[in-house]
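Colleague: Please take one part of this model and look at it closely. Start at the outer end of it and work inwards. Give me the cut-offs as you go.

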Amino acid sequence: MDVQRTGPMPDRLRPSAAARPEPSPRYRVDLNESPFEPSADVREAVRAATAGLNRYPDVADSELAEAVAHHLDVPVAHIAPGAGGVAVLHQTLTALADRGDEVVYPWLSFEGYPILCDLAGARRVPIPLAGADHDLDAMAGAVGERTRAVVVCNPNNPTGTAVRRPALERFLDRIPRHVLVVIDEAYREFVRDPEVPDGIELYRRRPNVAVMRTFSKAYGLAGLRVGFLVAHPPVAEAVRRATLPFSVTAAARAAAVASLRAQQEVRARVDTITARRRRLWTALRGLGWSLPRAEGNFLWLPLGAQAVDFGRRCRQRGVHVRVFPGHGVRVTVGEEAAADIFLSLAAEYVRPPEDRRSA
Ligand SMILES: *Cc1c(COP(=O)(O)O)cnc(C)c1O
């Protein structure tokens, strides 16, 4: 969720062609969306669902939960669906935290976390990253009396790094049993490092571990809003109870179920993205960039003070990247042409401009 995103501008607010300062972006690589449109099967499932749009979605319908449970080989009672990963996290925090309770999370990380803490009335406890990585020691050390949940973003948005198995297991060993660890795996499908554990594997052995997944990224259904939490019964039940009634639409469910059935196609698309990610990452390294590992469908350029300037230059060239002022720029691995433009600009920013002038 990038909350700054704005919808299309009403015509009366739109600058005239002559006054328009910049060309409108051709490539939206700022929200980690899939560049691929839904497959024919998914579109057909959505089309079929439109026949019942005069009706509320059936709250008792468990087809999505059953399909997810089957896909992950977990009990259906352990699934709590929601209208996107953000809604699932919202449900989780509101179910868990009372006013004044604390939620520990990494920072820089997903921009939704502080907002969702506020909505739940929980106290934010952001723990600064160590470089581009989670500081798991500091996160475990920040758990106190009032901590109800700790969020691990694996891989981390926006830095792209992922926590590996031994470090994560050691961390989980330190977290008290009554504190829920929510592993945000929005980008799990893109992970290629075999040392990065599958959260589902950890949840199976640890009752206080829950895993969030979404259909927005690898499955390319960001516009339909559907995701889920996998958790042990007392948690899963509470998170289901915290769902806003009717928030997961029939069309969203149908699309999610259809895309779970289309595993082969989803995998092929994810493979295409990870191959492009490798190409882009390697090219940037070749230019002299020192980049963190990238396990999501995006790369992180630690531009520091130059981030805003770089983002503006990209936009001028029709490539809309996500700028974190003072920190860096996140670029989604999407269209190849966008990557080429991004690369040509990144080549100019390998060293600070002072160096370039004196060189
Ligand atoms: C995209 C994303 C989500 C969830 O997005 P939804 O579209 O609400 O499913 C959750 N966490 C992270 C880290 C994300 O990047």
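Modeller: I start with R225, which is partly exposed, with a relative accessible area of 33%. Buried means under 20% relative accessible area, exposed over 50%, and partly exposed in between (1.4 Å probe, protein chains only). The model is predicted, so local features need pLDDT of at least 70 and side-chain atom pairs pLDDT 80 or more, while totals for chains, interfaces and linings use all residues. Residues are numbered from 1 along each chain as its sequence is written, and side-chain values use heavy atoms, without hydrogens or water.

R225 sits in the loop between β7 and β8 (227-230). Helices (H or I, at least four residues) and strands (E, at least two) are DSSP runs, numbered from the N terminus. R225 is not a glycine, yet its phi is positive, about 65°.

Now the strand before that loop. β7 (209-214) supplies at least two residues of the shell around the ligand, and so does α3 (85-96). The shell holds 14 residues, the closest being G85, Y187, T214, S216 and K217. A residue is near the ligand if one of its heavy atoms lies within 4 Å of it. By class, six shell residues are nonpolar, five polar and three charged. Here Ala, Val, Leu, Ile, Met, Phe, Trp, Tyr, Cys and Pro count as nonpolar, Asp, Glu, Lys and Arg as charged, and the others, Gly among them, as polar.

Next, the polar contacts of the ligand. The D184 side chain places an N or O atom 2.6 Å from a ligand nitrogen. N157 has a polar side-chain atom 2.9 Å from a ligand oxygen. For K217, the distance from a side-chain N or O atom to a ligand oxygen is 3.0 Å. The protein covers 96% of the 380 Å² of accessible area that the ligand has on its own. The cut-off for a polar contact is a pair of N or O atoms within 3.5 Å; within protein, one must be able to donate a hydrogen and the other to accept it, and residues adjacent in sequence count only if both atoms are side-chain atoms. Accessible areas come from the Shrake-Rupley method with a 1.4 Å probe.

Stay with N157. Its peptide bond to P158 is cis, with omega near 15°. P158 is in the loop between β5 and α6. P155 is found in that loop too. N154 and P155 are joined by a cis peptide bond, with omega about 0°.

P155 leads to E295, which lies in the loop between α10 (263-286) and β9 (298-301). E295 counts as buried, at 4% relative accessibility. Beyond its neighbours within four places in sequence, its contacts (heavy atoms within 4.5 Å) include P155, Y187 and R192. The E295 side chain reaches the backbone nitrogen of R192 at 2.8 Å. The two residues are 103 apart along the chain, with C-alpha atoms separated by 6.6 Å.

Last, α6 (residues 165-174). L168, E169, F171 and L172 are buried there. They line one face of the helix, because seen down its axis they fall within an arc of 160°, taken from the directions from the helix axis to the C-beta atoms. R170 and D173 are exposed on the other side. The buried residues pack against α5 (136-141), β5 (147-153), β6 (180-184), α7 (199-205) and β7. That brings us back to β7, the strand before the loop of R225.
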